[in-house]
Amino acid sequence: SPAIAASPVVCSGTTVGTVDALAAYLDVMLELYDSTRCTLHGSDQGFHEFALYTGLIERRNVSVMLVPAGTGEVQNLAMLRERTKRDGTRVNHALADRFITQRDGEPQVV
């Protein structure tokens, strides 16, 4: 959908919640897979975006809170790489965060 395509990407690799909320989320993800049988690498990201932006998760009585990248306590390892912002300042948000995801791609991080 054009509306989804214009929306920010929300990392599917960092999804947290209560047991009931995550069970509802996984039910939605499985239903999307079952309805498409898509096995392309990364298709979970598309299912995740579709479920979020179409309200499929909220319809399961699960509230959703999106946290902008670099502002929460959980960061993807891509955030570990120092970045230069548009104003020229260099930042590295994840070093002060409590949780880091996707460690498998960066074995030197403990």
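The side chain of glutamate 31 makes a polar contact with the side chain of arginine 60 at 2.5 Å, where a polar contact is a pair of N or O atoms within 3.5 Å, one able to donate a hydrogen and the other to accept it within protein, and residues adjacent in sequence count only if both atoms are side-chain atoms. This is a predicted model, in which local features need pLDDT of at least 70 and side-chain atom pairs count only at pLDDT 80 or more, while totals for chains, interfaces and linings use all residues. Residues are numbered from 1 along each chain as its sequence is written, and side-chain values use heavy atoms, leaving out hydrogens and water.

Glutamate 31 lies in helix H2, residues 19-36, helices being DSSP runs of H or I with at least four residues and strands runs of E with at least two, numbered from the N terminus. With a relative accessible area of 44%, glutamate 31 is partly exposed, because that term covers values between buried (under 20%) and exposed (over 50%), with a 1.4 Å probe and protein chains only.

Helix H2 also takes part in the largest nonpolar core, which has 12 residues, including Val28, Leu32, Phe47 and Ala51; such a core is a set of buried Ala, Val, Leu, Ile, Met, Phe, Trp, Tyr and Cys residues joined through side-chain atoms within 4.5 Å. H2 and helix H3 (43-53) are the elements that give two or more residues to this core, and the largest share, 6 residues, comes from H2.

Over the whole protein there are 3 helices and 4 strands, and 27% of the 110 residues count as buried.
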